[in-house]
Structures are given as structure tokens and as C-alpha cells.
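User: I am a first-year student learning to read structures, and I would like a close look at a single part. Please take one strand and then lead me outward from there in one connected answer.

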Amino acid sequence: MRKFVFGMLALGAMALAGCSGGGEGSGGEGGEGKPITVGFSQVGAESEWRTANTRSVKEALAAPEFRLRFSDAQQKQENQIKAIRSFIAQRVDVIAFSPVVESGWETVLREAKAAGIPVVLTDRAVDVSDDSLYVTLIGSDFVEEGRRAARWLIEDSKDKEGPIRVVELQGTVGSAPANDRMRGFKEVIATDPRFQIVRSQSGDFTRAKGKEVMEAFLKAEGGRIDVLFAHNDDMAIGAIQAIEEAGLKPGQDIRIVSIDGVRGAFEAMKAGKLNATVECNPLLGPQLAQLIRDVHAGRQVPKRVVVEEGVYTMDQAAAELPNRKY
Ligand code: GYE
């Protein structure tokens with residue numbers, strides 16, 4: 001903590017020259033009123049969640065107080081590293097990015113630090129030994145999301161006898177949401193001996209892969225799958241197609257719980273094909289913009305900002321659908 005406060009003071013001193021109290025109006029060169037240049041490296045466009053997240057970030061950083069340089073990594077870490085290096089070379093004021101996987105960031109983050117450019121993580125965490133390499137992380141508690149999915153499943157299985165055979169569609173291998181959702185789900189499901197996780201494989205957070213891996217699960221397990229836990233809605237939606245093509249009823253023959261709460265999931269719930277979704281809010285843009293302002297002005301920010309979210313079930317879908325913003 002002390003190290004962090006010290007780091008923030010240093011950052012404050014560094015940022016003082018470019019400090020902007022809102023940016024609009026004065027428009028002078030250098031000093032007050034100069035827009036904050038932000039380099040943002042996005043994971044890709046793998047899911048409905050991600051496209052909603054991109055829209056939110058772009059909208060929030062379209063305000064005249066910012067200049068946004070946006071780069072799409074197409075789910076590849078090497079592309080993100082390249083983008084970050086180019087932001088450093090362009091001497092942007094703040095770098096923000098959503099790291100596709102957790103490991104392998106030390107070198108490039110040290111380069112950003114050496115250049116005096118603060119880094120704000122959005123959505124996903126990194127695994128680094130020195131946490132002064134980034135200023136703050138804004139995003140969801142993925143472990144808790146995994147726990148919520150498992151708690152819903154235990155509650156929904158009150159009247160069922162074991163064994164209850166569960167298959168799991170994991171997100172991108174090595175990503176924070178895949179690692180954490182798997183951990184949280186396992187932790188809670190392990191408290192109920194009726195449940196067995198019989199297969200677990202990555203569908204890379206996409207519909208196409210979710211469908212493909214579910215087909216393989218169905219082939220290997222025949223009719224012996226009771227539950228699907230998917231780390232995101234898109235993979236669940238792909239899997240629903242596979243289940244239907246196999247002549248089974250998604251939501252009945254195989255109960256399904258996934259994570260995100262995107263519109264497609266609410267539609268699938270309304271159609272009786274998806275049983276529950278755990279909310280993961282992608283609309284991080286406004287909060288990210290505020291963090292960038294604060295960091296740039298040298299104000300102290302919390303090391304971790306968690307987004308609040310809930311769980312929705314099939315019976316709530318029709319009523320809730322018109323209120324959904326993503
Ligand atoms: O759940 C998934 C997306 O990192 C929280 O990434 C995000 C995850 C989200 O592809 O749909």
C-alpha cells in the first residue's frame with residue numbers, strides 16, 4: 001500500500017504539467033486544456049460482451065477532453081504488445097488495455113513505466129510480480145461470477161438426485177475470466193457431492209467454438225450430460241445450437257447457466273433454451289474515463305475498482321429484456 005501511495009505521488013508530479021480540469025474551452029498548446037491522449041488496446045471482437053464494451057469505451061473517450069488511439073488485438077497477445085509499444089513511441093498520456101491473457105506482461109509494462117506513461121487495466125487482470133507496473137484495474141469480480149453460477153445451479157437442483165453430470169465451456173486459455181470463473185465455480189460446486197464436472201474445455205469465448213466443443217462433448221458423452229456451465233453467453237448460444245442439432249432440448253434435457261447477461265442470453269432465456277445468466281457488465285467506458293482523468297491529474301485512485309452485478313433467470317427474462325442496455 002505504501003509503495004502504491006508513493007507511486008501515485010510520483011505519478012502526480014509527473015502528470016502535473018499535462019493536468020487538465022476538463023479540457024474544453026481553453027484549448028491552449030501544452031499545459032491546461034490540452035486533451036488527454038489515450039492509447040487503448042482492446043482484446044478483439046469475440047463476443048457480444050466485447051462489442052458492447054468497445055462501444056462504451058469509444059463513446060466515453062469521444063469527449064473533446066480526450067484523444068483516443070484505439071487498437072484491436074484480435075485475441076492475440078503479440079498484437080497487444082505491439083500496440084502498447086507503439087503507444088509508448090507516440091508518447092501518449094495514458095495507456096489503457098484489456099489484457100487477453102494474464103501472464104507475459106512484465107517487459108512491456110516496464111517499458112511503459114520507464115517512459116513515465118501510466119497504465120490503467122480494464123476488464124481483465126495481469127499476473128505481474130511488481131504491481132506498481134499498473135495504476136489501477138477496473139473490472140468485474142470473475143471468481144464471484146463463477147461462484148454465483150454454481151450457487152444458482154445448486155439451488156436449481158434442489159429436487160434432483162446425483163450424480164449430476166456437468167460439462168464446462170471455458171473461456172480463452174490463460175485469460176483472467178477463464179481462470180477465475182473456473183476457480184469460483186469449482187469452489188462452490190465441490191461443496192455438493194452430487195455434482196461431477198465430467199468435461200471441461202476452452203471454446204475461446206466465441207459462438208463458433210462453443211458450438212464445436214459442445215458437439216464434441218455430446219459425441220463423447222451421449223445423452224449423459226445434465227448441465228452445461230459456459231464461461232460466457234456466446235459459447236452457450238453456440239452450444240444451444242449443437243444441443244438442438246443433436247435432437248435434445250436445451251434448457252430442459254440439458255440445463256444451461258452462463259455468464260455476461262447480454263441481449264442474446266435474455267432472448268435465449270425468453271425462448272426457454274437458457275436457464276440462467278450471471279451478469280457481467282461491459283459498460284465500463286464512463287468509469288474508465290473518470291479513472292483516466294484522475295490518473296492524468298495525479299489524483300489518487302483505488303488499486304481495484306469492482307463493478308456491481310447480479311444474476312437473472314428464465315422466468316425474469318421477458319420482463320427484464322426491455323431494460324437491458326447491452
Ligand atoms: O465475459 C466474454 C468476453 O473479459 C469479461 O470476455 C470479459 C469476457 C466476457 O469475451 O464474453
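Which residue in β11 is the bridge partner of I138?

Analyst: The model you are looking at is a predicted one, and the residue you ask for is V305, which is the bridge partner of I138 in β11. That pair belongs to a longer run of contacts between the two strands, since β5 and β11 pair in the parallel sense over three bridges. On the other flank, β5 is joined to β4 by three bridges, and these two strands also run parallel. I138 takes part here too, being the bridge partner of T122. General background may help at this point: the strands of a sheet pair through backbone hydrogen bonds, and they do so in either a parallel or an antiparallel way.

Next, consider the two faces of β5, which comprises residues 136–139. T136 and I138 lie on one side, L137 and G139 lie on the other, and all four are buried, so both faces of the strand are covered.

We can now step back to the sheet that holds this strand. It is an open sheet of six strands in the order β2-β1-β3-β4-β5-β11, and its pairing is parallel. The edges are taken by β2 (66–72) and β11 (304–306), and because each of them has a single partner strand, one side of each is left without a neighbour in the sheet. From one strand to the next, the twist averages 20 degrees. Further along the order, β3 (residues 94–97) and β4 (residues 119–122) pair in the parallel sense over three bridges, and within that pairing F97 has L121 of β4 as its bridge partner. Helix α10 (residues 285–296) packs on this sheet, where it touches β1 (36–42), β2, β3, β4, β5 and β11, and its direction makes about 130 degrees with that of β1.

A loop that leads into this sheet deserves a brief look. R91 lies in the loop between α3 (77–89) and β3, and although R91 is not a glycine, it has a positive phi of about 55 degrees. R91 counts as exposed because its relative accessibility is 56%, and the cut-off for that word is over 50%.

There is a second sheet to set beside the one you asked about. Six strands form this open sheet in the order β7-β6-β8-β9-β10-β12, and here the pairing is mixed. The edge strands are β7 (195–202) and β12 (311–313), each of which pairs on one side only. Neighbouring strands of this sheet are turned by 20 degrees against each other on average, with direction ignored. Inside it, β6 (residues 164–170) and β8 (residues 227–230) run parallel and are joined by four bridges, with V166 standing opposite V227 of β8. Helix α6 (residues 176–189) packs on this sheet and touches β6, β7, β8 and β9 (255–260), while its direction makes about 170 degrees with that of β7. Before β6 comes a loop that starts after α5 (142–156), and P163 lies in it; the peptide bond that joins G162 and P163 is cis, with omega about -5 degrees.

Another loop, the one between β7 and α7 (207–221), holds F205. Phi of F205 is near 70 degrees, a positive value in a residue other than glycine, and F205 is buried, because its relative accessible area is 3% and the limit for that word is under 20%. F205 is also among the residues in contact with D234, along with S47, E48, W49, T206 and R207, once the neighbours of D234 within four places in sequence are left aside. D234 itself is found in helix α8 (residues 233–245) and is buried, with a relative accessible area of 4%. Between the side chains of D234 and R207 there is a polar contact of 3.1 Å.

S47, one of those contacts of D234, leads us on to the ligand, for a polar side-chain atom of S47 lies 3.0 Å from an oxygen atom of the ligand. D123 has a polar side-chain atom 2.8 Å from a ligand oxygen atom, and for D260 the corresponding distance is 2.6 Å. On its own the ligand has 300 Å² of accessible area, and the protein covers 100% of it. There are 13 residues around the ligand, and those that come nearest are E46, D123, R124, N232 and D260.

Note on methods: Residues are numbered from 1 along each chain as its sequence is written. This is a predicted model: local features need pLDDT of at least 70, side-chain atom pairs count only at pLDDT 80 or more; totals for chains, interfaces and linings use all residues. Side-chain values use heavy atoms; hydrogens and water are left out. Buried means under 20% relative accessible area, exposed over 50%, partly exposed in between (1.4 Å probe, protein chains only). A polar contact is a pair of N or O atoms within 3.5 Å; within protein, one must be able to donate a hydrogen and the other to accept it, and residues adjacent in sequence count only if both atoms are side-chain atoms. Contact means heavy atoms within 4.5 Å. Two strands pair if DSSP finds at least two bridges between them. Axes are lines fitted to C-alpha atoms, for helices over the stretch in contact, and angles run from 0 to 180 degrees between N-to-C directions. A residue is near a molecule or strand if one of its heavy atoms lies within 4 Å of it. Accessible areas come from the Shrake-Rupley method with a 1.4 Å probe; for residues, only the protein chains shown count as cover.
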